[in-house]
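Trainee: Got a minute to look at this one with me? I'd like to get my bearings before I go back to the bench.

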Amino acid sequence: MAVIKANAYGHGMLDVAKTLALAGVDAFAVARTDGAIELRESGITQRIAVLQGFFNEDELKAHAALGLEPVIHSAWQVDLLERIHSPVPIKIWLKVDTGMHRLGLLPEEFEGILQRLKACRSIEQPIPLMSHLANADALEDSFTQSQLSLFEDIHLTHPEEASVANSAGILGWNQAVREWIRPGISIYGVSPFPKRSAIDEGLQPVMTLRTRLISIKEVKAGTPVGYGGDWICPQPTRLGVAAIGYGDGYPRLARAGTPVLINHQKAALIGRVSMDMITLDLTPLKDSKVGDLVTLWGDGLPVETIADAAGTIPYDLLCGVTRRVKFIDT
Ligand SMILES: *Cc1c(COP(=O)(O)O)cnc(C)c1O
């Protein structure tokens, strides 16, 4: 089950869905109903799980009409399911909270809710189970083990198809791999682990974010650069400007020294990131010229590195790429 929420982690949901459908994916997962409707409207016929389920009766009707598969995580959703009459049984996923403490039934509610769902005429039986891992990216942390054993206990009382693993679960925890897996970040070629790179996992980045150099000038030592004059050139500097900024999704909090790639060589970000531009120290890149391509992340420059330099995680950078960035399928 390929997770393509948040516009496929910023990659473009419909393009990603079509590519994965051709590759034989069994199902998709999106966060909310509107994403699933968009997929059906563009002709996606695969199964689609909606991770937050329906929010109200109208959405439940859309799930029934379009063959969407809501994740049921709360008793109030069961009330709605008991009231609806669906000619075609609705496929659901029943989510148990084994320690994430976000969505899902608490273990003590599980049996009662399950019995109600089993008695529900409009629901397809048997009901598959789902749970989510809170800390699977921390391989030395025993919390995942306790989530997995709690899941195992519940699963024994209802031994149907199950889905537990996100990317970190798939790559790091054998026991989390059940009939269904839910990779997100890893299908975009990015490591879910803070200390293991995509290359360590045999993954290749799907997204490369690029722009061009639009200005180069030589400035004296002591020259302040950008808003606030935060950066003061410590030496005579070949100063480059690249046409990208936080208005495109480049992180405003990227620190001075964050690398970019120009002609396969690294150059350092200096000064504050603006909405539409960043400033670069091109002093070591004597041959760089206006018009050169600048890679912000992706091919040759892991987004993991940039996320680290901006005090965030790759997920945040990928799904933060904004609409004005042109998407080119290569
Ligand atoms: C986002 C999400 C995933 C995918 O997680 P990755 O870390 O990107 O692999 C899987 N399951 C649920 C419930 C999610 O919300």
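Mentor: Sure. One term before we start: two strands pair if DSSP finds at least two bridges between them. And keep in mind that this is a predicted model.

Trainee: OK, so how many bridges join strand 12 to strand 15?

Mentor: There are 2 bridges between strand 12, residues 259-262, and strand 15, residues 293-297. The two strands run antiparallel.

Trainee: And what's the bridge partner of Ile262 in strand 15?

Mentor: That's Val294.

Trainee: Which strands make up the barrel?

Mentor: The closed barrel has 6 strands, in the order 8-11-14-13-12-15, and the pairing is antiparallel. From one strand to the next, the twist averages 45 degrees.

Trainee: Switching to helices. At what angle do helix 6 and helix 7 pack?

Mentor: About 20 degrees, with the axes 11 Å apart. Angles under 35 degrees count as roughly parallel, so helix 6 and helix 7 are roughly parallel to each other. Their crossing is right-handed.

Trainee: Which residues make the contact?

Mentor: Helix 6 brings Pro107, Phe110 and Glu111, and helix 7 brings Leu150, Ile154 and Thr157. By type, that contact splits into 4 nonpolar, 1 polar and 1 charged.

Trainee: Last one: is Gln77 buried or exposed?

Mentor: Buried, because its relative accessible area is 0% and the cut-off for buried is under 20%. Gln77 belongs to helix 5, residues 75-83.

Trainee: What is Gln77 in contact with, leaving aside neighbours within four places in sequence?

Mentor: Gln52, Gly53, Phe54, Val71 and Ile72.

Terms used:
Residues numbered from 1 in each chain as written. Predicted model: local features only at pLDDT ≥ 70, side-chain atom pairs only at ≥ 80, totals over all residues. Heavy atoms only, no water. Helix = DSSP H or I, 4+ residues; strand = E, 2+ residues; numbered from the N terminus. Axes fitted to C-alpha atoms, helices over the stretch in contact; angles between N-to-C directions. Buried < 20%, exposed > 50% of the residue type's maximum accessible area, 1.4 Å probe, protein only. Contact = heavy atoms within 4.5 Å. Parallel < 35°, antiparallel > 145°, perpendicular 65-115°, else oblique. Left-handed = near helix turned anticlockwise from the far one by under 90°. Nonpolar A, V, L, I, M, F, W, Y, C, P; charged D, E, K, R; others polar.
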